[in-house]
Structures are given as structure tokens and as C-alpha cells.
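Q: Could you take one helix from this model and walk me through it closely, with its surroundings? I'd like to know how its two sides compare and what sits around it.

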Amino acid sequence: MMQVLDTESAAMPAPVPPPVSSARPQMTADLMARTGLDEAMLERLVHGFYDRVRADALLGPVFAERIDDWGPHLERMVEFWSSVALMTGRYHGAPMPKHLPLPVAAEHFVRWLELFRLTAGEVCPPAGADWVIERAERIATSIHMNIETARDRDGRAAPPTPSEPERLS
Ligand code: HEM
């Protein structure tokens, strides 16, 4: 009897349960192993990052004017980073149209990435930080280019350069 059971288990190993709910469980598991990231860490990354964004003199007001209730925004951003970093497919949205009308220019993206790199370095192991930072840089470049293109097409002016105290804060 033992013999039969052993043979069966050798022929058909028990499937490894997915580490998180994911549309692509194996890929998510591989990414978690490779980067050291997991959902709890991405949640700490998102919350820590937006704490800094909200306190920032340059970026804070851009968000404050558009977000009253931070709960749903943070949840959406955790889903977004889960999809981007771990390919879970949890985010179903379209970030680009939300950004096109924003009064932002190159310095806003520079600051956004500074705060993101800082937080990722604190919250994630080095391989995980590199992974999310590289993705953030690519998406930031793409959003920025689309904003500039839409602005040129619509003949809209870029926002004024921030005043000296804002730059220094
Ligand atoms: C200058 C830099 C940025 C500013 C000021 C900014 C600002 C904002 C604001 C105000 C919203 C809320 C819009 C709304 O609900 O009406 C938003 C949403 C969002 N942002 Fe950004 N953002 C910036 C860069 C980025 C970058 C680099 C990423 C990705 C790496 C990103 C990803 C998102 C996503 C996924 C959403 C949610 C869109 C949805 O509702 O599904 N943002 N952003």
C-alpha cells in the first residue's frame, strides 16, 4: 500500500499553492522569489511613498486638489504595483487619461522618482528595489512624454516653473 502511494506522489507532485491571488500564479511566484517582493511589502511601499508625496511642497498640492479620500486611491495603487511588479493582474484601470490634464512638468517627475527611489530603498531588499524603480522610471517617462505630446497638440502651456521656496523644500 505504501509503495503505491509513494509511486503516485512521485509521478504527480502536489501543486504548489499560489503565494498570492494572481492571474499568473507561477509567474508571480517566480517574481517573488527573484525580487524578494510580496504584497505586504508593496503595500508598505505604496503607503510610505504617498506619505512622502502628501508632505511634499511640490507634489502634495497636485494630489490634494484631486484626491479627497485617500483610502480608495491607496488601494488602487497597491493593486497597480501588484500588477506591475508581480504580474498578478489585480489592477484594471487606465492611468494615462488621469495624468494628461495635470499641471506638471519635468521637475514634478524628478521629485516623484526621488521619493519613490528613497522609499523603495527603505522598504524593499536591493533586488526588489531595483525591480520596482526600473518600472517606475519607465512608466514615469511614458506618462511625461504623453503629457507633453497632449499639451503640444492642444496648444496648452506648461505650468509655470515652481517658485524658489517650493524648489528648496
Ligand atoms: C508628476 C508625477 C505624478 C503626479 C503629480 C501624479 C498624480 C496623480 C493623481 C493626482 C492621480 C489621481 C487622479 C484621479 O483620480 O483623478 C494619479 C493616479 C494614478 N497615478 Fe499618478 N502621478 C504621477 C506619476 C505617476 C507615475 C510615475 C505612476 C506610475 C509609475 C503613476 C500611477 C498612477 C496610477 C496607477 C493612478 C491611478 C489611476 C486610476 O484611477 O486607475 N503616477 N496620479
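A: **A close look at H7**

Let's start with the length check: H7 has 18 residues, which at 1.5 Å a residue should span 26 Å, and its end C-alpha atoms are indeed 26 Å apart, so the two agree. Bear in mind that this is a predicted model.

Now for the inward side. The buried residues of H7 are His108, Arg111, Trp112, Phe116, Thr119, Ala120 and Val123. Looking down the axis of H7, you'd find these buried residues within an arc of 165 degrees, so they line one face of the helix. The general rule behind that kind of pattern is simple: an α-helix has 3.6 residues a turn, so residues three or four places apart point the same way. Flip H7 over, and the face turned away from the buried side carries the exposed residues Ala106, Val110 and Gly121.

What does the buried side touch? The buried residues of H7 pack against helix H3 (39-55), H4 and H8.

The ligand comes into this too. Helix H7 (106-123) supplies at least two residues of the shell around the ligand, and so do helix H4 (60-64), helix H5 (70-86), helix H6 (95-99) and helix H8 (126-154). His108, one of the buried residues of H7, is also among the residues that come nearest to the ligand, along with Gly93, Pro95, Ile139 and Ala140. There are 20 residues around the ligand, and by class they are 14 nonpolar, three polar and three charged. H8 gives the most to this shell, with four residues.

H8 turns up again at H2, which is handy to set beside H7. In helix H2 (residues 25-35), the buried residues are Thr28, Leu31 and Thr35. They cover an arc of only 65 degrees around the axis, which puts them on the same side of H2. H5 and H8 are included in what covers them. On the face of H2 turned away from its buried side you'll see the exposed residues Gln26, Ala33 and Arg34, and just after H2, Gly36 takes a positive phi of about 75 degrees.

Last, a word on confidence. The chain averages a pLDDT of 89, with 85% of the residues scoring at least 70. Over residues 1-5, though, the pLDDT is below 50, and beyond near neighbours in sequence this stretch has zero contacts in the model. Where pLDDT is low, the predicted coordinates should not be read in detail.

Terms used: Residues are numbered from 1 along each chain as its sequence is written. This is a predicted model: local features need pLDDT of at least 70, side-chain atom pairs count only at pLDDT 80 or more; totals for chains, interfaces and linings use all residues. A residue is near a molecule or strand if its C-beta atom, placed from the backbone, lies within 6 Å of it. Ala, Val, Leu, Ile, Met, Phe, Trp, Tyr, Cys and Pro count as nonpolar, Asp, Glu, Lys and Arg as charged, and the others, Gly among them, as polar. The expected span of a helix is 1.5 Å times one less than its number of residues. A residue is buried if 20 or more other C-beta atoms lie within 10 Å of its own, exposed if 12 or fewer, and partly exposed in between; C-beta atoms are placed from the backbone. The arc is that of the directions from the helix axis to the C-beta atoms. Two residues are in contact if their C-beta atoms, placed from the backbone, lie within 7 Å. pLDDT is the predictor's confidence in each residue, from 0 to 100.
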